[in-house]
Amino acid sequence: MNELDTVVDASVAPAADAVDRESLHPAAPIKALCDIGAFGVQIPVEFGGLGFDNGTAAAMVERVARGCASTAAILMFHCQVVARTLAFADDERRADDLVAMARGDMIAASAWTEPFGAARKTDLQTVMRPKGDRFAIDGVKSFCTGLTSASVVDVLLRAEDVPGAGPTFVRVDMHGNGVKVANVYRMMGLRGTSTGTIVLEGAPVAEHDVLSGFGTAPALMRANHQTPLNPGLIALGAAAASLDFARRAYGGRVDGVPPRAKDPHSRRVLAEAATKVEAMYAYAAALVRATAVRPESAYGAASRLKAHLTDASVAVTRDLLGGMGSLGFMTDLPLERHLRDAQATALMGPVNGMCRDRIADELLIDAEEDARN
């Protein structure tokens, strides 16, 4: 991780304030991360990648998030697509894409959500139909992250008029015909992620662009939610960055900020935040270890990771900001940025309410099995 630490400290973190303040796409930090192979961390060595697993990718996302949450979000969604490409892409398409991703020539994004759509993605209005010897996609996808950098996007849609019709994932060329970025949102947090709306109007795709087969999206979504690659990592990085800044600020090591080392309230806030962040790391590590031992627990573990880390990060950053007094709300200090970023991760999918439903389902199933035994 030494190279990663160097890039985060030298390129990612110094750009974070401008990325947030001006809603800038973090092009230079992304280039620096690509140069050390971060966007190919899970890709096998034979395709030019670093050959690590999703757990290593998760650790990398968290480390980047300590420097800039927006940059980490772009990396995280790319890593999700890499995992999906490895597991489900057509063989020929897989090889070409993995080589391009490992070189840093191709950054990927996902398009799951639709305007006014349900969180469970059961009412898809984006449709793919046969057209000649290919297929055409029509629809609108919202809250797609990383649109400025993405050259491909995995689109969740409904396949019609084909055997196995139903919810399906399809790889779409962002620069192809019929694909348009209609809007990039003004965000509360994660402002540099170029999150926005994609409009697809007769966008052409081939059958080898379909991931795993028609009607298989539910299984692919479940597989995505069985990895630790979720917004909880970004929240964890934001909480750690808040704690690091507060420790320096309270200790009088931030220019223009009076020390608060003797203020009883600030001291308690800092101590409580430190133990909470340490507990967040311990909990995340325990969940990742548990899924390695019991892969069948991965789905519930990922839900726990997302719900707990995002909620805990919001609480920690809010407390640290309050411990600064009125200075905490100054936009030239990073605590309010970290709080906004943490709040944004809590709103990202899978939403925390759905995560808790999954956790409850798992607990109740376990209870039923115990009763039967």
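The paragraphs below follow the salt bridges of this structure, which is a predicted model, and then turn to one annotated region.

In this model the count of salt bridges comes to 24, and a few of them are worth following one by one. In one of these, the side chains of Asp-154 and Arg-84 meet with a distance of 2.7 Å from N to O. This pair ties together distant parts of the chain, since Asp-154 belongs to strand β4 (residues 152–159) while Arg-84 belongs to helix α4 (residues 69–88), 70 residues apart. Both Asp-154 and Arg-84 are buried.

A second salt bridge joins the side chains of Arg-171 and Asp-97, at 2.6 Å from N to O. Here too distant parts of the chain are linked, with Arg-171 in strand β5 (residues 166–173) and Asp-97 in helix α5 (residues 91–103), 74 residues apart. Arg-171 counts as buried because its relative accessibility is 10%, where buried means under 20%, and Asp-97 is buried as well, with a relative accessible area of 4%.

The salt bridge between Glu-336 and Arg-340, whose closest N and O atoms are 2.9 Å apart, lies within a single helix: the two residues are four apart in helix α10 (residues 335–347), so about one helical turn separates them. Glu-336 is buried at 14% relative accessibility, and Arg-340 is buried with a relative accessible area of 11%. Through shared partners, salt bridges join Asp-20, Arg-191, Glu-336 and Arg-340 into one network.

Finally, an unreviewed UniProt entry lists residues 233–363 as "domain: Acyl-CoA dehydrogenase/oxidase C-terminal". In the model this span is 76% helix and 0% strand, and its end C-alpha atoms lie 24 Å apart.

Terms used. Residues are numbered from 1 along each chain as its sequence is written. This is a predicted model: local features need pLDDT of at least 70, side-chain atom pairs count only at pLDDT 80 or more; totals for chains, interfaces and linings use all residues. Side-chain values use heavy atoms; hydrogens and water are left out. UniProt positions are given in the numbering used here, feature names are shortened, and annotations may be inferred rather than shown by experiment. A salt bridge is a side-chain nitrogen of Lys or Arg within 4 Å of a carboxyl oxygen of Asp or Glu. Buried means under 20% relative accessible area, exposed over 50%, partly exposed in between (1.4 Å probe, protein chains only).
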